[in-house]
Every structure is written in C-alpha cells, then in structure tokens.
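Reader: I'd love a close look at one small part of this protein, followed by a walk outward from there into the rest of the fold. Please keep it friendly and practical for someone who works at the bench.

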Amino acid sequence: MSDRPIHSAIWSAQDIRSTARRLATVHEAALAGEAPPGAAPESPRAVIGESWRRVLGSGVDPDRDQPQFLLSVAELEHRRQKSQLATVLPVLNEGLLATADAAQQIMVVTDAEGRVLWREGSAPVRRMADRLGFDKGADWTEGVVGTNAIGTALVARRPVLVHSAEHFVRSHHQWTCAAAPLHDPRDGRLLGTVDISGPAHTFHPTTLSLVSAVARLAEGELRTRHHTSLERLRSSAAPVLARLGGRALAVDPHGWVVGVTGLTPTERVALPKAPEAGPLWLPRYGMCALEPLPGGWLIRVGRPEPAAGPSRVVLDVSGRDGATVTVSGPAGSWSHALTPRHAELLFALAAHPPGRSAVELAEDLFGDGSRTVTVRAELSRLRRHLGGVLAHRPYRFADGVEVELRLPPRPVELLPQSTAPAVVAARRA
C-alpha cells in the first residue's frame, strides 16, 4: 500500500472488498516480518506501521481477543460526571449520531485513558460490538486491543482512520473506525476521543473528515463555555478588586486571569493542581494569599498577613425564588446563587455541623445511601465556588468558618421545590 490516505484509495477504486484483501496481505506479511513498515509498495501506512510496532512490543496477540475488565457502574458514572466531555455530548450527538445510525455504525466517546464512557447508534452494530467487548467501560487502548482508531488517535494525538485489516487483532478486521482526539482549549490537555465505528462494508470516504469536523465543533463549544465562565467570574470579582489596596489578581480555577489591581495584566498564572485557601508561593509573584471567589480565586500578592478574623458564611434559604450563599473574608464579601441541588447539600451540612459522610449525604438528598458517586460529583462542582469554605472527611464547613443559616418564617416553606428527605424532614419539624 502507498502511504496516501486509505480513504483516497477506496474512493478511487470504489471497491472496499478489494482494498480489504490487499490490507490483509500487508497485515500477514508485516506480522511475518516480510515487509517492514515503510518499504513500498507492500507496507502499511506510516501511522499504522508505527502502531503495529508499538503493539508488537506490548505483546498483544493478533489471534486472540484480550479479556475486557469493564469499569464498575459506579466508576463509569463517576468518570462520566467528572468528564468535561459530558457538556459537549449534545454537540457530538447532533453532529454524528444520526449519520452513524443511518450508516449502520455506532458513535463512541472515550476518556483520555481510552475507557469507553458513552456508546450510541445502530442497535445491531452495538450487539456486534458487544461480542468484541467494545462496550461501555471497556479499555480501548492499543496495549489492550491493538491498533484501532481510538487507541491510535490517543497516541498520535491526531484524527486516525483504521480500516479492516489495518486493525492488529484479526477479529477486528471486519470493522472500520475513525476517531479524533478532543482537547481542553484552556490548556491543551487531552480529554478523550470521539469515534465512529462499524462494519467495514459501511465505510464512507468522508467519515474521518466528518468526525474531525465535529470534534473541532465540540472543542469550540468548550472554548465558548470557558469564555462565558470567565465573564461571569469577572463580573463578581470586579467589585472585590475595586475595594482592595495593594496588588491582587482574580483568576479562575485553572489560573486564567479575569482582573488585576496594582499589577501589569497577564493572561494566566500557574496555580497548583488543587489550590487551597491560605498562603501560597507562586513563581512569578513570590508569597501570596489565596482567598475563594465564586468560580475562582483571589490572589493577594505579597507576604500574607494574619486574617482579620474567621470567615463567615450566610446560607439563605428563606426565600421562595432561590437560595444564595454569601461569604465574608478579609477581602470583603461576595454572594453566589445556588442551584437547587447545591442548596440542598449546603442545607444538610449546615444542619449537621460535625459533618456528613458521602453515604449520609446520599441518604439526605436521595434517600438512597448508594448514590455516593452523584454526591461526590456535586460536591466537587460546589467546591469550585467554595473551595476555601468546605472541608471533607467528613464533608463539612471548614474549621473556623462561622455559619449562619437563614430559614423561612414557616418551616413548610423551606426549599419548596425540593423532595430531598433531609429537607422534607425539616419542613415537618
């Protein structure tokens, strides 16, 4: 085979079966060591040859499928909720799912570790995929299943098509797959892949281009969401910065700067992976103090001074139109409107000052102690706004934080839309 794209060969020949036979010949010759990658004309494409060399070195058996150890239901749900790709599923579905279903293919989304998080599309093809272990929670990296579009795209960091016998494992030769990596526009970090897979005879020359284009749309949606969150943080940080003397910056959790005072503006600050409120040394600014803002951090540049007093939190669930949390600290105060679920969580914590375990909070919110994955995911989201206010093990308001809970005049009016057992019980008290 020449190194031109395989889809060009098929497009000109219009003969998928003939191409599959040629690829099978190349596959057998390469495994026998008779046609080393790069030796034209009977050699695999460069991206495939490089993958075959990696897979041969990893010990994958081309004649035997590796047993799959699927993620547990709880771990799969945890990864889904933690993944940024959950927010762009509508974009991926709209761009690919109808086409995949009509073409007897499936759409698959994985995380950066190659684990299948979502799988949708043609029901008969899903059943075929099940027989290969290509199911939700499966590990589809090269080291487990050999050369394939998902695993190879994760390594190559670019869109990849793998057609028929370009797959390393022979049981996959009846398949064609096209995958594109998805990156976090904030820092370029790999988030996972989106893939279209199906029987080789359903292959179409435009599949890889379509998958690549939809992946770029999804990354564009992530970029738009990032800009929106920065604007929201900028609005809440502006009055805080205006009240401050000295030097300070307002940044999002990833260090993107939305406002400064007393400093030359910069685009981004290098923050630790999991910053916490308190003293912090930053390479560019030296000793600083971090204080939480709704959706980010206030960085006060200079050696931190002792706090003027304990921080104060006012959880206001007294109104019928929504709950708010107001945090007061050395830099002043700010308020954040709470989602219904976050209002329930903070109410449960305020009602139990010593703290609650994930199981207890699951009982408080859902009456089901097994839903700890959902609880942890919601608390993770909440900590983005209240990073310096909440503690864990057990979950509680941080030590030294004064908490005021403002309730409605009549208990029956407490969070009227909520069905959480802890709220329902408090209404009856």
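Author: Let's begin at arginine 393, which is exposed, because its relative accessible area of 76% is over the 50% cut-off. Please keep in mind that this is a predicted model. Arginine 393 sits in the loop between strand 14 and strand 15. Its backbone is worth a look: phi is near 60°, a positive value in a residue other than glycine. The next link in the chain stands out too, as arginine 393 is joined to proline 394 by a cis peptide bond, with omega at about -5°. Proline 394 also belongs to the loop between strand 14 and strand 15. Why pause over these two features? Most residues other than glycine have a negative phi, and most peptide bonds are trans.

Another arginine offers a useful companion. Arginine 157 has a positive phi of about 60° as well, although it is not a glycine. You will find arginine 157 in the loop between helix 8 (149–156) and strand 3 (160–163). Arginine 157 counts as partly exposed, because its relative accessible area of 47% falls between the 20% and 50% cut-offs.

From the loop, let's step inside. The largest nonpolar core has 47 residues, and those with the most contacts inside it include Leu386 and Phe397. Also on that list are Leu293, Leu338, Leu346 and Leu361. Several elements give two or more residues to this core, among them strand 14 (390–391), helix 10 (340–351), helix 11 (358–366) and helix 12 (372–385). Helix 9 (207–243), strand 6 (248–251), strand 11 (312–316) and strand 12 (324–329) do so too. Helix 10 provides the largest share of this core, with seven residues.

Leucine 386 is a good residue to click on here. Leaving aside residues up to four places away in sequence, leucine 386 touches Val325, Val327, Trp334 and Leu346. There is also a second, separate core of 28 residues, which includes Val55, Val60, Val145 and Trp175.

Now for the way the helices pack. Helix 10 and helix 12 meet at an angle of about 95°, and their axes lie 10 Å apart. Since that angle falls in the range from 65 to 115 degrees, the two helices are roughly perpendicular to each other. On the helix 10 side, the contact uses Arg341, His342, Leu345 and Leu346, while helix 12 offers Glu378, Leu379, Arg381 and Leu382. Sorted by class, this contact holds four nonpolar, one polar and three charged residues.

Helix 12 has another partner in helix 11: the two axes come within 8 Å and cross at roughly 95°. That crossing makes helix 11 roughly perpendicular to helix 12. Helix 11 brings Ala358, Val359, Leu361, Ala362 and Phe366 to the contact, and helix 12 brings Thr372, Thr374, Val375, Arg376 and Leu379. This time the division is seven nonpolar, two polar and one charged. Leu379 of helix 12 therefore appears in the contact with helix 10 and in the contact with helix 11.

Strand 12 deserves a visit as well, and threonine 324 is found there. Threonine 324 counts as partly exposed because its relative accessibility is 30%. Its C-alpha atom is 4.5 Å from that of alanine 337, although the two residues are 13 apart along the chain. Beyond residues up to four places away in sequence, threonine 324 touches Val314, Leu315, Asp316, His336, Ala337 and Leu338.

Helix 9 gives us a last stop among the residues. Leucine 217 is found in helix 9, and at 56% relative accessibility leucine 217 counts as exposed. The C-alpha atoms of leucine 217 and valine 88 are separated by 9.1 Å, with their positions 129 residues apart along the chain.

Finally, the whole picture. The protein has 13 helices and 16 strands, and buried residues make up 50% of its 429 residues. Of the contacts with a separation of 6 or more, 56% join residues 24 or more positions apart. The average pLDDT is 86, and 87% of the residues score at least 70. Two stretches call for caution: pLDDT stays under 50 over residues 7–14, and again over residues 36–41. Where pLDDT is low, the predicted coordinates should not be read in detail.

Note on methods. Residues are numbered from 1 along each chain as its sequence is written. This is a predicted model: local features need pLDDT of at least 70, side-chain atom pairs count only at pLDDT 80 or more; totals for chains, interfaces and linings use all residues. Side-chain values use heavy atoms; hydrogens and water are left out. A nonpolar core is a set of buried Ala, Val, Leu, Ile, Met, Phe, Trp, Tyr and Cys residues joined through side-chain atoms within 4.5 Å. Buried means under 20% relative accessible area, exposed over 50%, partly exposed in between (1.4 Å probe, protein chains only). Helices (H or I, at least four residues) and strands (E, at least two) are DSSP runs, numbered from the N terminus. Contact means heavy atoms within 4.5 Å. Axes are lines fitted to C-alpha atoms, for helices over the stretch in contact, and angles run from 0 to 180 degrees between N-to-C directions. Angles under 35 degrees count as roughly parallel, over 145 as roughly antiparallel, 65 to 115 as roughly perpendicular and the rest as oblique. Ala, Val, Leu, Ile, Met, Phe, Trp, Tyr, Cys and Pro count as nonpolar, Asp, Glu, Lys and Arg as charged, and the others, Gly among them, as polar. pLDDT is the predictor's confidence in each residue, from 0 to 100.
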